[in-house]
Protein chains: 2
Amino acid sequence: MPQTTKPRYHHGDLRNALIAAAVRILKDRGIAGLSLREVAAAAGVSHAAPYRHFPDKQALLNAIAAQGHERLRDGCRAAQRDWPRDPKRQWIEAGMHYLRFVLDNPEVAQVMFGGAAPNAAPDATLEQAIAEAVAALADIVDNGKSAGLYRGRNSRDIVLTSLSTVHGLSLLIGSGFAGRRLSHGRARALAQRIAETLWRGLSD
Amino acid sequence: MPQTTKPRYHHGDLRNALIAAAVRILKDRGIAGLSLREVAAAAGVSHAAPYRHFPDKQALLNAIAAQGHERLRDGCRAAQRDWPRDPKRQWIEAGMHYLRFVLDNPEVAQVMFGGAAPNAAPDATLEQAIAEAVAALADIVDNGKSAGLYRGRNSRDIVLTSLSTVHGLSLLIGSGFAGRRLSHGRARALAQRIAETLWRGLSD
DNA sequence: CACCCGATGTTGAAACTGTCAACATTGAGC
DNA sequence: GCTCAATGTTGACAGTTTCAACATCGGGTG
């Protein structure tokens with residue numbers, strides 16, 4: 001029986017393989033220990049091969065970040081699909097998905113949020129991914145407004161208020177600020193209580 | 001007239017000089033462009049001198065982060081001092097200080113929040129600085145509870161809710177997520193509206 | 001007062017990293 | 001069947017963190 005995968009000179013889907021390898025390394029070596037050379041090795045190619053797919057290391061990190069934002073966007077859309085007649089529940093579940101994602105993928109979250117240098121060169125696909133995630137949340141808020149909730153309040157303010165709170169809570173917990181490592185369950189319970197408090201404030 | 005400062009073999013206060021130099025470089029080259037060698041050069045010492053004061057590069061970054069948290073703590077204390085009889089105002093102003101700090105020092109904020117790897121080795125003095133900042137906010141909340149505000153709510157929850165919101169809002173704005181660079185003034189106005197909304201939620 | 005030793009700073013080097021230029025190999029379309 | 005653009009490789013350069021071995025100083029001890 002011949003070998004199952006004979007090594008080809010051209011990988012076939014190296015770009016995605018590199019992203020996947022990078023995420024894998026990220027998860028157990030942390031962002032400080034992530035080198036392009038190791039990523040290349042993990043994907044089974046030579047140390048400079050990544051440069052055929054990414055202009056530099058930051059571009060690979062941006063791709064990872066974009067993928068993360070897509071998942072946040074999908075979380076919003078799923079919440080909208082799963083509770084079609086309950087805008088409050090959509091709002092809650094979207095936030096819960098956000099929290100879960102950050103807690104399950106703290107290193108990816110770090111690349112998504114901490115990684116972005118304040119004056120980093122803009123990356124078109126990353127910015128679009130971010131815009132789509134925000135738009136998905138805005139949709140949920142608009143559902144609520146159509147249903148008569150949040151009365152007398154600017155939609156954009158509602159989006160930013162909601163986003164600030166989940167974002168802050170997730171990062172706080174995810175980076176261990178909120179008192180040495182909450183359990184997953186306690187974090188969710190805390191998030192529920194905070195959500196109810198904020199909801200009351202948003203409901204006039 | 002002899003030279004004003006003759007070069008001494010021993011610097012005298014190199015540790016603080018290194019921190020100051022690092023912050024200066026951080027502010028115009030960004031975190032990616034911050035190398036220990038350049039910090040050392042900026043402080044006028046040889047490339048390995050920093051290792052007599054910091055076990056590694058991360059330790060220097062931790063020192064910068066700790067300094068940042070001290071300033072957040074001081075902001076809370078100042079708010080408490082400046083409006084001794086108005087716990088709501090203390091709460092608002094502490095948050096505004098937080099926002100201002102992050103907007104004025106985005107690179108330092110990045111070191112404080114984005115920099116901390118999820119499983120980084122714990123640094124005692126950094127952790128204490130964080131704890132003190134959180135405690136200062138907790139004091140303000142306790143003032144409010146003594147005055148009969150926030151009735152029927154867990155103090156810790158109030159702290160975390162407040163902190164989540166400022167933290168999230170500051171990082172969102174500071175990293176340009178909230179729609180391409182709000183002006184300083186608009187950011188403050190937005191923060192005011194969000195604070196009022198959250199306050200309503202917290203006031204039963 | 002002289003000395004001496006621990007703290008502080010320097011030099012030099014090892015190992016690793018991002019990035020580029022020059023070259024090799026391939027497969028898809030004419 | 002050929003060619004050429006896309007993709008991968010090799011080798012090198014400059015810059016990084018970090019360490020070990022050495023140099024220099026200043027404050028406490030005899």
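The exchange below concerns a predicted model of two protein chains with DNA strand C.

Biologist: How are residues, chains and ligands labelled, and what limits apply to this predicted model?

Modeller: Residues are numbered from 1 along each chain as its sequence is written, while chains are lettered from A and ligands numbered from 1 in the order in which they are written. Because the model is predicted, local features need pLDDT of at least 70 and side-chain atom pairs count only at pLDDT 80 or more, whereas totals for chains, interfaces and linings use all residues.

Biologist: What rotation superposes chain B on chain A?

Modeller: The superposition is by least squares on the C-alpha atoms of residues with pLDDT of at least 70 in both copies. It gives an RMSD of 0.1 Å and 0.0 Å of shift along the axis, and the two copies are thus related as by a two-fold rotation axis. The rotation that superposes chain B on chain A is 180 degrees.

Biologist: Which helix gives the largest share of the side of chain B that touches chain A?

Modeller: Taking residues as in contact if their C-beta atoms, placed from the backbone, lie within 7 Å, 37 residues of chain B are in contact with 37 residues of chain A. Helices are DSSP runs of H or I with at least four residues, numbered from the N terminus, and α5 (106-114), α7 (155-174) and α8 (184-202) of chain B each supply at least two residues of that side. The largest share, 12 residues, comes from α7(B).

Biologist: Through which surface do the copies meet?

Modeller: In chain A, 100% of the interface residues of chain B are also interface residues, so the copies meet through the same surface.

Biologist: How far apart do the C-alpha centres of domain 1 and domain 2 of chain A lie?

Modeller: The bounds, which come from an automatic or database domain assignment, give domain 1 (1-54) and domain 2 (66-203) in chain A. Across the boundary, 6 residues of domain 1 are in contact with 5 residues of domain 2. The C-alpha centres of these two domains lie apart by 31 Å.

Biologist: Which helix of chain A gives the most to the surface near DNA strand C?

Modeller: A residue is near the strand if its C-beta atom, placed from the backbone, lies within 6 Å of it, and of the 22 residues around DNA strand C those that come nearest are A:A48, B:H11, B:V45, B:S46 and B:A48. The largest contribution to this surface, 3 residues, is from residues 36-42 of chain A, helix α2.

How values were computed. Contact = placed C-beta atoms within 7 Å.
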